[in-house]
Amino acid sequence: MVRAVVGANWGDEGKGKITDMLGQESDIVIRFQGGANAGHTIVNDYGKFALHTLPSGVFSDNVVSIIGNGVALDIPKLFNEIKTVVAQGVPTPKILVSDRAQMVMPYHIMFDTYEEARLAGKSFGSTKSGIAPFYSDKYAKIGFQVSELFEDEEYLRDKIERVITQKNVLLEHLYHQPLLKVDDIYNTLMEYKSMVEPYVCDVSAYLYKAIKEGKNILLEGQLGSMKDPDHGIYPMVTSSSTLAAYGAIGAGIPPYEIKQIITVCKAYSSAVGAGEFVSEIFGDEADELRRRGGDGGEFGATTGRPRRMGWFDCVASHYGCRIQGATDVAFTVLDVLGYLDEIPVCVAYDIDGEITTDFPTTNKLRKAKPVYETLPGWKCDIRGIKNYEDLPENCRKYIEFIEEKIGFPITMISNGPGRNDIIYRNK
């Protein structure tokens, strides 16, 4: 069986915990898109980790962890991450890397940094991990696929020469930076080859066989619906599709094999980076929620940047679940809200005086003002509770109110950062 774990909102929904938890029940866990520009924070028996490229299955001995063809593969970061988890006592994970994955090159990171600096106040809030330049090259057909590392030297040098011709024009005339050299890039590719060679695999063929054998396969997505380049808050989005549907493409499996789509929602909202965020809050109210949120505060797992904070947004979350095709909703960090007397929930948008519960395109979203309903808080710590019926009445009412508004079943409730802090709810 194939199932996917994806985000309903702006990323940062707590997917890492859910994938770590479900990874224990899986034979294979696959990262199918994105790069090292966002991370999953995971707390389990080995400690606390921030994963950026590695699939969350690396913490389970029985799991094969796969880097799919849809990933922006930064090879040095991947192998540094492996060293880091092993140094913290995690057994050396079983890793496979798709021969069709493409590589983030050092110049992608340079171009990302130069462009953000050039845009200054109008920048996209990039993490400067090279992701947009990487995907630009991929779709311009001038990227380097892992399989090409095994071509002969003449082929590679010829391709490098062609690729850097246009890049050097930009470096010289737009960014006023040093030019790229064929030898430097060839040597980098050879370093990457020596690192990745033992792990390279025809992943789609491997997965085809695994599906035939009835293996349990988990697709792990990065970021969330609002960051999808087609269906999100364009242009303040990422550069690869964040939707479960793309899991079939980014892993190399038939779309009809994805049987369950677990879409993760936070019990409040948070976001890293620029872009429209209708239920955003500020000042002391935001600082308090940020300080209490997540596990040790709401700060980006990759960047360390303070996350933007907001109340739960039913409009964005209904849309995010719908566009993902959610079969189940995992509702995370509910325990964080236990300090509040009352909890505002954004139930609609006011756009030029018109009230709507439909999530609009970005030009309309810019004008949207939140319409709130306020629910009573439960004013106690809910960590350690295992049964839904044992949650405080107001806590259950909060969950059920949101479930009704988003229109998708909340079947998992996370009430703490640990792997086992979870309440299963049958619907």
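I began with cavities, taking a cavity to be a set of points, on a 1 Å grid over the protein atoms alone, where a 1.4 Å probe fits but cannot get out, with lining residues being those that have an atom within 4 Å of a point. The model is predicted, and I kept to its conditions: local features need pLDDT of at least 70, side-chain atom pairs count only at pLDDT 80 or more, and totals for chains, interfaces and linings use all residues. Residues are numbered from 1 along each chain as its sequence is written, and side-chain values use heavy atoms, with hydrogens and water left out.

**Cavities**

I found two cavities of 30 Å³ or more in the structure, where a volume is the space filled by probe spheres set on grid points that are joined across faces, edges and corners. The second largest holds about 30 Å³ of space, and I listed its lining as Asn9, Trp10, Gly11, Asp12, Glu13, Lys266, Tyr268, Ser269 and Ser270. I sorted this lining into two nonpolar, four polar and three charged residues, counting Ala, Val, Leu, Ile, Met, Phe, Trp, Tyr, Cys and Pro as nonpolar, Asp, Glu, Lys and Arg as charged, and the others, Gly among them, as polar.

**Salt bridges**

I then searched the whole structure for salt bridges (a side-chain nitrogen of Lys or Arg within 4 Å of a carboxyl oxygen of Asp or Glu), and the search gave 24. Asp12 and Lys266, which I had noted in the cavity lining, are linked with Glu298 and Arg307 in a network of salt bridges.

I looked next at Asp20 and Arg419, whose side chains form a salt bridge at 2.8 Å, N to O. This pair joins distant parts of the chain, 399 residues apart, with Asp20 in helix α1 (residues 15-23) and Arg419 in the loop between β20 (410-414) and β21 (422-424); helices (H or I, at least four residues) and strands (E, at least two) are DSSP runs, numbered from the N terminus. Both Asp20 and Arg419 are buried, and here buried means under 20% relative accessible area, exposed over 50%, and partly exposed in between, with a 1.4 Å probe and protein chains only.

**Helix α5**

I followed helix α5 through two further salt bridges, beginning with Lys167 and Asp137, which meet at 3.0 Å, N to O. Lys167 lies in helix α5 and Asp137 in helix α4 (residues 131-139), 30 residues apart. Lys167 counts as buried because its relative accessibility is 8%, and Asp137 counts as buried because its value is 5%.

Arg157 and Glu153 form a salt bridge at 2.7 Å, N to O, and both lie in helix α5, four residues apart, about one turn of the helix. I noted Arg157 as partly exposed at 25% and Glu153 as partly exposed at 40%.

I also checked Lys159, which lies in helix α5 (residues 153-175) and counts as buried at 8% relative accessibility. A polar atom of the Lys159 side chain lies 2.5 Å from the backbone oxygen of Gly143.

**Ser241**

I placed Ser241 in the loop between β10 (217-224) and α8 (244-251), and at 15% relative accessibility Ser241 counts as buried. Its side chain makes a polar contact of 2.8 Å with that of Asp228, a polar contact being a pair of N or O atoms within 3.5 Å, where within protein one must be able to donate a hydrogen and the other to accept it, and residues adjacent in sequence count only if both atoms are side-chain atoms. The Ser241 side chain also reaches the backbone nitrogen of Leu243 at 3.4 Å.

Methods:
On a 1 Å grid over the protein atoms alone, a cavity is a set of points where a 1.4 Å probe fits but cannot get out, and a pocket is an open set with protein on both sides within 12 Å along at least five of seven lines; lining residues have an atom within 4 Å of a point.
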